[in-house]
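Visitor: I should be grateful for a close look at a single part of this model, set in the context of the chain as a whole. Please begin with the residue I name and work outwards from there.

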Amino acid sequence: MNINFSDTADVWLESRCYQTPSALHGWLTGFLSAGARLTSAEWLTEAEAYLELEEAPADKLKTTLISFYDEVLSSLSGEDMSYQPLLPPDDEADVVEQVDCLAEWSKGFLDGIGASGKLQGNKLPEDVTEVLRDLDAFSNASVDDPKDPENEALYLELAEHARIAALTVFYGMNQKPSAPAVEMSPKTLH
């Protein structure tokens, strides 16, 4: 993935965004995973609203947001399954901040799924329903004891689970229905 958390966080800080990069990344991932798509203008409008910007975004933020859309869709749909939730790396954040960002990403994912409008009246595949429940639980994740040596391993497991959950929903909701088999009857020559 070409989106760098630190660089994105700097753009967010300069732009006075109220949501974190992880939250917006989760929102976009959920929205796209549900099978919804946006034009560039629609995406910028949705992103600006989700980020709760007080003023029109500067060009730097617009450029970052456009690359966000392209990168997320490309990584979700790629055959290499390279998609990764946008979370701070170990060398830049402690496990408490990482878990907080994972919770924000998970909440954003669920918000994006809801905003897509694709789930209304649809019966979801069981595996999709299961991972949505997991992400709902992740959206409330927190670290009880910051000094617990198990925290980092648990965080890595949760982050990988969130990654697989996003791919599961994407593949479950973005498969084109297969065409019904057409029975061919032999032609009768007269």
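As what does Met81 count in terms of exposure, and at what relative accessibility?

Guide: The model is a predicted one, and what follows describes the predicted coordinates. Met81 counts as partly exposed because its relative accessibility is 39%, a value in the range between the 20% limit for buried and the 50% limit for exposed residues. Met81 belongs to the loop between H4 and H5. Its backbone deserves attention: Met81 is not a glycine, yet its phi is positive, at about 55 degrees. Most residues other than glycine have a negative phi. Arg16 offers a parallel case, with a positive phi of about 55 degrees although it is not a glycine. Arg16 is placed in the loop between H1 and H2, and with a relative accessible area of 47% Arg16 is partly exposed.

The loop that holds Met81 also holds Pro88, between helix H4 (59-77) and H5. Pro88 counts as buried, because its relative accessibility is 4% and the limit for a buried residue is 20%. Apart from neighbours within four places in sequence, Pro88 touches Phe5, Ser22, Ala93, Glu97, Gln98, Cys101 and Tyr155. Tyr69 lies 19 residues from Pro88 along the chain, and the C-alpha atoms of the two are 19 Å apart.

One of the partners of Pro88 is Gln98, a residue of helix H5. Gln98 is buried, with a relative accessible area of 3%. Beyond its neighbours within four places in sequence, Gln98 is in contact with Pro88, Pro89, Asp90, Ala93 and Tyr155. Tyr155 therefore appears in the contacts of Pro88 and also in those of Gln98, under the limit of 4.5 Å between heavy atoms. Gly114, another residue of helix H5 (residues 95-116), is exposed, with a relative accessible area of 52%. The C-alpha atom of Gly114 is separated by 21 Å from that of Ser75, and the two residues are 39 apart along the chain.

On the other side of the loop in sequence, helix H4 packs against H7. Their axes come within 10 Å and cross at roughly 80 degrees, so H4 and H7 are roughly perpendicular to each other. From H4, the residues Leu73, Leu76 and Ser77 meet Ala166, Leu167, Phe170 and Tyr171 of H7. By class, this contact between H4 and H7 comprises six nonpolar residues, one polar and no charged.

A second helix pair can be set beside it. Helix H2 (residues 21-33) packs with helix H3 (residues 40-51) at an angle of about 135 degrees, and the axes are 10 Å apart. H2 and H3 are therefore oblique to each other, and their crossing is right-handed. H2 contributes Ala23, Leu24, Trp27 and Leu28 to this contact, while H3 contributes Trp43, Glu46, Ala47, Tyr50 and Leu51. The residues of the contact of H2 with H3 comprise eight nonpolar, no polar and one charged.

These helices also take part in the largest nonpolar core. Among its 52 residues, the ones that touch the most other members are Trp12, Leu24, Trp43 and Leu65. Helix H1 (5-15), H2, H3, H4, H5, helix H6 (126-138) and helix H7 (151-173) each give two or more residues to this core. H7 supplies the largest share, nine residues. With neighbours within four places in sequence set aside, the contacts of Leu65 are Trp12, Leu24, Trp43, Leu44, Ala47 and Leu51. Leu65 is thus in contact with Trp12, Leu24 and Trp43, which are named with it among the residues that touch the most other core members.

Finally, the chain as a whole provides the setting. The protein chain has seven helices and zero strands, in the order α-α-α-α-α-α-α from the N terminus on. Its C-alpha trace spans about 85 × 40 × 30 Å along the principal axes. Of its 190 residues, 41% count as buried. Among contacts in the protein chain with a separation of 6 or more, 79% are between residues 24 or more positions apart.

To return to the starting point, Met81 is a partly exposed residue in the loop between H4 and H5, and Pro88 in that loop is buried.

Note on methods:
Residues numbered from 1 in each chain as written. Predicted model: local features only at pLDDT ≥ 70, side-chain atom pairs only at ≥ 80, totals over all residues. Heavy atoms only, no water. Helix = DSSP H or I, 4+ residues; strand = E, 2+ residues; numbered from the N terminus. Buried < 20%, exposed > 50% of the residue type's maximum accessible area, 1.4 Å probe, protein only. Axes fitted to C-alpha atoms, helices over the stretch in contact; angles between N-to-C directions. Parallel < 35°, antiparallel > 145°, perpendicular 65-115°, else oblique. Left-handed = near helix turned anticlockwise from the far one by under 90°. Nonpolar A, V, L, I, M, F, W, Y, C, P; charged D, E, K, R; others polar. Core = buried A, V, L, I, M, F, W, Y, C linked by side-chain atoms within 4.5 Å.
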